Every structure is written in structure tokens, then in C-alpha cells.
Amino acid sequence: MYPFSYIKAKSLKEAGELLAAHPDAKLLAGGMTLLPTLKARLAQPSHLIDIGGLAETAKISFKNNKLSIGAAVRHQTVASSAEVRKHIPALAQLAGLIGDPQVRNCGTLGGSVANNDPAADYPAAVLGLNA
């Protein structure tokens, strides 16, 4: 890995400010894709901004006939969410089949979508759902 600075953001506002101040920074929530990418030296961010502990990024809600899933919601949480299972059961099933238990308990929906790996499940799902 290349050297980088690690910052644990205290709020979404702070994360946004840090991203603006450090254009080569990457966000970190679960790290299931980002960390192997760093280990393989395929990315060289100047900073890792950890948003994994921000409650506002890890919520699932349904209102105005729309299901909202925060970027830091873990795959296992999507799979077991009553809201997701009620409104988009196929998405809950998809989440329950991602990787292995360790990946499902650490990886996030936002990280999967942001990485946009054509072999990943979420990018095609969110595209198909017009998300």
C-alpha cells in the first residue's frame, strides 16, 4: 500500500469538507473492496475518510413510497431488514447471498455501488430499480 492519512469523520458535514479539501481522498465505510484495492496498489488516495461510524449513513427508511438505504448500511442489514423485505424482497435476497458472512457483516451497499464492479450484484440491481 501507498502511504495515506486516516481521518475518522465526526459528521457528514465534516466528511464533505474533508473531501473538498483533499480531492484525492477516498471514503471508507466497510472497506471490503477498497482495502484489497489499496493492497494491490490499484489506488493511491491521499487520505482515507472513515464514515463507517456515522449513524446518518447507516439508516433504512421508507416514506413517500420510496425506500432509502444509506451508503454505510451493511449487506447483512439489507438482507435482514423488515422494510427491505417488505418493499423490495429481491434486494433483501440479493444482499443475503453476497460473499460470505464476514463480507456481509462488513461490506456496505454504498461501497459496492461506488466501486461499480461489473461482477458485483448491487450495481445492476440499483440500475434495474431506477435508484
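**Notes on the cores, T108 and the pockets**

1. The largest nonpolar core is built from twelve residues: V73, V78, A79, V84, L91, A92, L94, A95, I98, L109, Y122 and A125. Three elements each give two or more residues to this core: α3 (75-80), α5 (89-96) and α8 (122-128). The largest share comes from α5, with four residues. Keep in mind that this is a predicted model.

2. Start with V73, a member of that core. Setting aside neighbours within four places in sequence, V73 is in contact with T57, A58, K59, I60, V78, G107, T108 and L109. Two of these partners, V78 and L109, are also listed in the largest core. There is also a second, separate core of seven residues. Among them are A15, L18, I49 and L54.

3. Now take T108. This residue sits in the loop between α6 (101-106) and α7 (109-115). Is T108 buried or exposed? T108 counts as buried because its relative accessibility is 6%, and the cut-off for buried is under 20%.

4. What does T108 touch? Beyond its neighbours within four places in sequence, T108 is in contact with A29, G30, A71, A72, V73, R74 and H75. The side chain of T108 also has a polar atom 3.1 Å from the backbone nitrogen of G111.

5. G111 leads on to the largest pocket. This pocket has a volume of about 640 Å³. It is lined by 28 residues, and the closest to its centre are T33, L34, G111, S112 and N115. The elements giving two or more residues to this lining are β2 (26-28), α2 (34-39) and α7. Which element gives the most? It is α7, with five residues. By class, the lining has 13 nonpolar, twelve polar and three charged residues.

6. The second largest pocket holds about 370 Å³ of space. Its lining has 14 residues, and L67, S68, I88, L129 and A131 lie nearest its centre. Both β5 (66-69) and α7 supply at least two residues of this lining. Here β5 gives the most, with four residues. The lining of the second largest pocket divides into ten nonpolar, three polar and one charged.

7. One element links the last two points. α7 gives two or more residues to the lining of the largest pocket, and α7 supplies at least two residues of the lining of the second largest pocket. On the structure, find T108 in the loop between α6 and α7, then go on to G111, whose backbone nitrogen lies 3.1 Å from a polar atom of the T108 side chain.

How values were computed: Residues numbered from 1 in each chain as written. Predicted model: local features only at pLDDT ≥ 70, side-chain atom pairs only at ≥ 80, totals over all residues. Heavy atoms only, no water. Buried < 20%, exposed > 50% of the residue type's maximum accessible area, 1.4 Å probe, protein only. Polar contact = N/O pair within 3.5 Å; in protein donor to acceptor, adjacent residues only side chain to side chain. Contact = heavy atoms within 4.5 Å. Core = buried A, V, L, I, M, F, W, Y, C linked by side-chain atoms within 4.5 Å. 1 Å grid on protein atoms, 1.4 Å probe; cavity = no way out; pocket = protein on both sides within 12 Å on 5 of 7 lines; lining within 4 Å. Points joined across faces, edges and corners; volume = space filled by probe spheres on them. Nonpolar A, V, L, I, M, F, W, Y, C, P; charged D, E, K, R; others polar.
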